[in-house]
Amino acid sequence: MASILPNDTDRETAGFFAAAAEGRLVFRACQDCDHALHPPTDHCPHCGGWNTAWRDAKGSGTLYSWTTVTHQIHPAFPAPYTLVVVELDDAPEVRLVGRVDGTPELAAGQPMQVWFEKLEGGPTLPQWKPGAPA
Amino acid sequence: MIDDDLAFAGRDKCAVAGIGQTAFTRDSGRGVLSLATEASLKAIADAGLTVDDIDGIVRCEQDTVRPYSLAASLGMKDLRYWADTGPGGVAPCMMMGVAMGALLSGQAKAVLAFRSLNGRSEARLGGSGRYDGVEVAGGFGSYDEFFLPYGLQTAGQTFALMARRHMLDYGTTPEQLAAVAMTCREHANRTPHAQMAQRPLTLDDYHASRMISSPLRLFDYCLESDGACAVVITTAERAKDLAKPPVLIRAVAGGAPRDHRAGMMFPVVTRGEITEIGGRQAGTELWRRAGMGPQDMDIAQIYDCFTISVILQLEAFGFCGKGEGGPMAASGALKFGGQMPINTGGGHLSEGYVHGMNHIVQAVRQLRGEADMQVPDAETCLCTGGPLPVGSSVVFRKAA
């Protein structure tokens with residue numbers, strides 16, 4: 001079975017996948033100026049400091065944009081599927097991508113919630129689905 | 001701070017002296033070095049030069065043909081300068097700047113800039129090629145690990161996410177996207193070498209085409225193509241004695257968006273406003289360096305990997321306000337006979353996709369007055385590079 005696994009060994013991003021493996025959603029943030037940093041970077045471009053760390057997010061967000069892919073590209077992702085871009089409630093400046101099977105009815109700003117997809121023989125991905133956490 | 005005066009030091013000091021291209025096809029049946037060599041020999045001959053006159057080569061970093069390979073194939077005796085720029089479709093406009101840097105600093109006398117690809121038959125760009133087996137994606141500072149494992153894999157999907165947001169924020173419509181596709185198609189229909197020269201496109205055809213990644217349909221996508229383009233750049237002083245009227249490089253500028261994020265293409269979706277592109281910063285600096293503005297452009301070659309790309313750039317380069325790109329495309333202003341015709345050979349959407357380089361060749365043809373669909377009295381032309389993740393741009397003008 002073809003699949004695409006994330007490289008979870010990059011020293012600047014590995015913490016994201018390590019947390020996901022434990023069922024936690026995290027984002028990088030500057031401990032000095034409080035800016036969220038995504039894609040995650042060790043250095044804070046806002047205050048110029050290096051005091052950045054992973055923070056826990058509560059796992060809810062809102063839908064910013066989406067596209068339903070109907071042209072098959074990769075055997076691991078049978079079309080149709082829908083790519084969603086979600087803004088975290090904890091830090092709206094952090095946007096994460098997720099995949100929803102099929103062609104769901106979606107609307108901008110609707111609530112989305114995280115779930116964790118354990119990939120066969122590999123890392124865990126935080127994923128997103130429509131709906132507010134219970 | 002750096003002295004601003006240097007920004008104007010290159011104005012009109014360099015020129016495109018020669019242009020060349022191969023046929024644009026779906027399957028060239030040849031290797032990319034062979035294509036690059038043909039386009040380069042044509043560009044050198046067009047300038048009235050010989051291979052011995054060329055001493056520099058610049059290229060796109062995604063080209064698989066290396067400068068010294070091309071030099072070997074051409075039989076160049078004196079390769080003194082070479083450079084890569086990019087990324088991808090951003091490269092051609094930046095190549096003009098790299099060549100200027102080499103020429104004005106005395107590192108080269110005549111520079112060949114080229115792009116060669118079998119973008120349909122061999123290495124399909126933008127992630128649309130075939131994949132097999134288990135792959136590990138991302139890492140090493142690429143940030144692709146946040147996108148590829150989710151199935152966000154192509155440029156088309158990325159631009160679809162931008163198009164959706166442009167529709168939500170500004171009311172842009174499928175008919176406005178179609179207007180971009182139909183404008184380019186009409187221009188291709190008047191350009192015999194364009195891949196879509198013989199195929200008209202109606203609004204009904206557009207609506208009937210299959211959805212690829214909503215809201216983008218087949219005809220919102222450019223043509224994956226095989227082909228090569230090359231141009232010879234030299235100083236304006238040298239160019240004025242050569243075979244063809246020189247086309248001056250008035251100004252070149254690149255730009256990164258204010259909210260630029262680390263990584264290549266996909267992290268664009270994490271920007272605060274995903275419909276904002278580096279073309280805005282490139283454009284602001286370009287107009288300052290050129291001493292001109294959008295209103296001074298007779299024509300424009302706007303990088304059209306997708307229809308939405310054109311709309312985003314019309315706004316970014318100041319041809320209209322934010323959110324007004326769709327109505328501007330639908331107004332007819334961009335067609336032959338309109339206020340500022342764009343993509344006058346059919347562009348990437350309908351002429352061929354040589355990753356921005358065919359736009360440079362088309363700009364030069366128009367300003368020489370030798371284009372198939374010649375815009376009367378065209379004296380100035382904006383050329384833009386790929387809109388992600390950073391922008392690039394050139395103003396060309398006819399020598400006085």
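**Exercise 1. The sheet of chain A**

Over how many bridges do strand β2 and β4(A) of chain A pair, and in which sense, parallel or antiparallel? Determine also where helix α1 of chain A packs.

*Solution.* This is a predicted model, in which local features need pLDDT of at least 70, side-chain atom pairs count only at pLDDT 80 or more, and totals for chains, interfaces and linings use all residues. Residues are numbered from 1 along each chain as its sequence is written, while chains are lettered from A and ligands numbered from 1 in the order in which they are written.

Step 1. Elements are DSSP runs numbered from the N terminus: helices are H or I with at least four residues, strands are E with at least two. Strand β2 (residues 25-30) of chain A and β4(A) are joined by six bridges in the antiparallel sense. Two strands count as paired if DSSP finds at least two bridges between them. Within this pair, A:Leu25 is opposite A:Ala57 of β4(A).

Step 2. The open sheet consists of three strands in the order β3-β2-β4 (chain A), with antiparallel pairing. Because β3 (36-37) and β4 (52-57) of chain A each have a single partner strand, they stand at the edges, and one side of each is left without a neighbour in the sheet.

Step 3. Helix α1 (residues 14-21) of chain A packs on this sheet and touches β2 and β4 of chain A. Contact requires C-beta atoms, placed from the backbone, within 7 Å. The direction of α1 makes about 150 degrees with that of β2(A); axes are lines fitted to C-alpha atoms, for helices over the stretch in contact, and angles run from 0 to 180 degrees between N-to-C directions.

**Exercise 2. The overall form of chain A**

Assess the chain by its elements and its radius of gyration.

*Solution.* Step 1. Chain A has one helix and nine strands, in the order β-α-β-β-β-β-β-β-β-β from the N terminus.

Step 2. Its radius of gyration, taken over C-alpha atoms, is 16 Å, close to the 14 Å of the globule rule for 134 residues, so chain A is as compact as a globular protein of that length. The rule is 2.2 Å times the number of residues to the power 0.38.

Step 3. The C-alpha trace of chain A spans about 45 × 35 × 30 Å along its principal axes.

**Exercise 3. The contact between the chains**

Describe the side of chain B that touches chain A.

*Solution.* Step 1. Chain B contributes 42 residues to the contact and chain A 33 residues.

Step 2. In chain B, β5 (134-137), α4 (155-170) and β6 (211-213) each supply at least two residues of this side; α4(B) gives the largest share, six residues.

Step 3. Strand β1 (residues 3-6) of chain A and β5(B) run parallel and are joined by four bridges. The bridge partner of A:Pro6 in β5(B) is B:Ala137.

**Exercise 4. Burial in chain B**

Classify B:Ser121 as buried, partly exposed or exposed, and list the contacts of B:Val232.

*Solution.* Step 1. A residue is buried if 20 or more other C-beta atoms, placed from the backbone, lie within 10 Å of its own, exposed if 12 or fewer, and partly exposed in between. B:Ser121 has 16 C-beta neighbours inside 10 Å, so B:Ser121 is partly exposed.

Step 2. B:Ser121 lies in the loop between β4 (110-118) and β5 of chain B.

Step 3. Not counting residues up to four places away in sequence, B:Val232 touches B:Ala17, B:Gly18, B:Ala43, B:Ile44, B:Ala47, B:Leu49, B:Ile54, B:Ala110 and B:Leu112.

Methods: Two residues are in contact if their C-beta atoms, placed from the backbone, lie within 7 Å.
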